[in-house]
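Open the model in a viewer and keep the selection panel at hand. The stops below say what to select and what is found there.

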Amino acid sequence: MQYRYLDLRSAQMQYNLRMRSQVVMRMREYLCNRHGFVDVETPTLFKKTPGGAKEFVVPSREAGKFYSLPQSPQQFKQLLMVGGLDRYFQVARCYRDEGSKPDRQPEFTQIDIEMSFADQTGIQALIEGLLQYSWPEEKGPITIPFPSITYDEALATYGTDKPDTRFEMKIIDVTDVFRNTEVGVLQKSLSESRGTVRAICIPQGAKHLRNKDLESLNELAKSQFNQGILHFILRSDGRLGKFLNEEQKLELVRALQANVDDVVLLAAGEHEKVCSTLGKLRLEAADLLEARGLSLRNPSAFHFLWVVDFPLFLRKEENPRQLESAHHPFTAPHPSDEHLLYTDPAKVRGQHYDLVLNGNEIGGGSIRIHNAKLQRFILETVLKEDTELLSHLLEALDSGAPPHGGIALGLDRLICLLVGAASIRDVIAFPKSFKGRDLMCNSPDYIAPEELEPYHVKIAEPMPEVKVKSN
């Protein structure tokens, strides 16, 4: 990355960046020429507002006042709907002051879309048409409409809200099999509120997984989820675990549709914790099987999936009695749940929808709150936020806002999956490192104290001496 301009000469980087350009060009054509969207640039220097990811701050020449780099154009695109630009899109630069991962870096690009007088079905249909139109011919056709499942179904079946549906190994509820069990740990789990017993079946796991592999899966469950698991191997003589009676063995095999040499992973406890654990083990087991030469996930297959009906609010980890937005504070409640806002807001579903591709979230959006009174109530009463920071948006909604909604597609992630790259850095011309640094330009870098004076900023700790080049 220090000599990125030389790396760009490689055939792979040339292919990736040209593919990215081609897809973006087709998307612009589809949105502008076929559906009447208006490409509008929104400000990069913004202000800090409640909710969402951590933001970068930028000092100004006004003492004690800072700009903030937007984590998305969310508020601006809603203001454009108030302003009568009923179909907006933008290839938008976004910023988040968070740690880097293979699919994330501090600055990234979204295909940002908003529409007035649109519902969830209409926005999903637009995105399906957009992807089908811009999809490269060499990657094969994609079929629309995409399948859809609810958030609760995704968690119960795959243990995650971004399931990889290219392979099976689904989570199966086997609570009834163990309803009358005499095993203490299972009895204890089933006596708890929302207690459950669930399992996944690893096909032919006994042939391909070693004891150390099963031990590593158990350690992963303990270290990441503080969850114990049991594993069984279905032997040719019908043996399946010493503490199961014959009836339980038959019911378990029937429920999992298990075959000889299959490995069963079993977890008992609180519903969400159990499902999340097995969802992670499902993916880890797939990795282990593929490392042994099995082909579970076709790298040239593209499985899209809509996940809908997310909870509107989540309990804060540091204080479970307080709520935070699951998506962002501008997401509208599900119409049939709106009455629960005033009695039991934790049970309210949001009109929020995510688009998942091969187990990766590549887009997310929602229908927005267009009523100022409702928006103020959620901010002040439910989320306990300072509405003064959002007075501009509340005043705009009070001016008369049409019903509206939208979505943002993560362009970097989409292209990364499209070309089969290992990281989004392989589809960005000049990326940042895992620590958020530009190794080619050596940034971020120190600034001399005298250059900071106009911004009323002082460094708390001594800085290395800054060498100033003379012209």
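This is a predicted model. Start by selecting Q375, which lies in helix 11 (residues 372–382). Is Q375 buried or exposed? Its relative accessible area is 0%, so Q375 counts as buried. Now show its surroundings, leaving out neighbours within four places in sequence: Q375 is then in contact with P329, F330, I369, L394 and L397.

**The sheet of 8 strands**

Next, switch to a cartoon view and pick out the open sheet of 8 strands, whose order is 1-4-5-16-15-14-11-6. Its pairing is mixed. At the edges are strand 1 (38–39) and strand 6 (148–150), each of which pairs on one side only. Within this sheet, select strand 5 (residues 107–116) and strand 16 (residues 404–410); these two run antiparallel and are joined by 7 bridges. To see how the strands line up, select M115, which stands opposite G405 in strand 16.

**Helix 13**

Stay with strand 5 and strand 16 and add helix 13 (residues 411–419). How many of the 9 residues of helix 13 are buried? The count is 7, so helix 13 is largely enclosed by the rest of the structure. The buried residues to select are L411, D412, L414, I415, C416, L418 and V419. They pack against helix 2 (11–35), strand 5, helix 4, strand 14 (352–357), strand 15 (360–367) and strand 16. Move just past the end of helix 13 to G420, where phi is positive, at about 75 degrees.

**Helix 5 on the sheet**

Go back to the edge of the sheet at strand 6 and select helix 5 (residues 151–158). Helix 5 lies across strand 6 and strand 11 (304–308), and it runs at about 90 degrees to strand 6. Colour its buried residues: Y151, A154, L155, A156 and Y158. The elements that cover them include strand 6, strand 8, helix 10 and strand 11. After helix 5 comes G159, which has a positive phi near 75 degrees.

**Helix 5 against helix 10**

Keep helix 5 selected and add helix 10 (residues 271–291). The two axes come within 7 Å and cross at roughly 60 degrees. That angle makes helix 5 oblique to helix 10. Which residues make the contact? From helix 5 they are L155, A156 and Y158; from helix 10 they are H271, E272, C275, S276, G279 and R282. By class, this contact between helix 5 and helix 10 has 4 nonpolar, 3 polar and 2 charged residues.

**The sheet of 4 strands**

Leave helix 10 visible and turn to the strands it lies across: strand 8 (195–202), strand 9 and strand 10. Helix 10 runs at about 10 degrees to strand 8. These strands belong to an open sheet of 4 strands, ordered 7-8-10-9 with antiparallel pairing. Strand 7 (172–173) and strand 9 (229–233) are its edges; each has a single partner strand, so one side of each is left without a neighbour in the sheet. Strand 9 is joined to strand 10 (residues 263–270) by 5 bridges, and the two run antiparallel. For a view of this pairing, select L230, which stands opposite L266 in strand 10.

**Aromatic pairs**

Finish with the rings. The structure holds 9 aromatic pairs. One of them joins Y3 and Y5: the ring centres are 6.3 Å apart and the planes are at 80 degrees, so this pair is edge-to-face. Y3 is partly exposed, at 48% relative accessibility, and Y5 is partly exposed too, at 44%.

Then select W135 and F302, another edge-to-face pair, with 5.0 Å from centre to centre and 80 degrees between the planes. W135 sits in the loop between helix 4 (120–134) and strand 6, and F302 in the loop between helix 10 and strand 11, so the pair ties together parts that are 167 residues apart in sequence. W135 counts as buried at 9% relative accessibility. F302 is buried as well, with a relative accessible area of 16%. As a last selection, add F146 and F304: together with W135 and F302 they form one aromatic cluster.

Note on methods. Residues numbered from 1 in each chain as written. Predicted model: local features only at pLDDT ≥ 70, side-chain atom pairs only at ≥ 80, totals over all residues. Heavy atoms only, no water. Axes fitted to C-alpha atoms, helices over the stretch in contact; angles between N-to-C directions. Parallel < 35°, antiparallel > 145°, perpendicular 65-115°, else oblique. Contact = heavy atoms within 4.5 Å. Nonpolar A, V, L, I, M, F, W, Y, C, P; charged D, E, K, R; others polar. Pairing = 2+ DSSP bridges. Buried < 20%, exposed > 50% of the residue type's maximum accessible area, 1.4 Å probe, protein only. Phe/Tyr/Trp six-rings, centres within 6.5 Å; stacked < 30°, edge-to-face > 60°.
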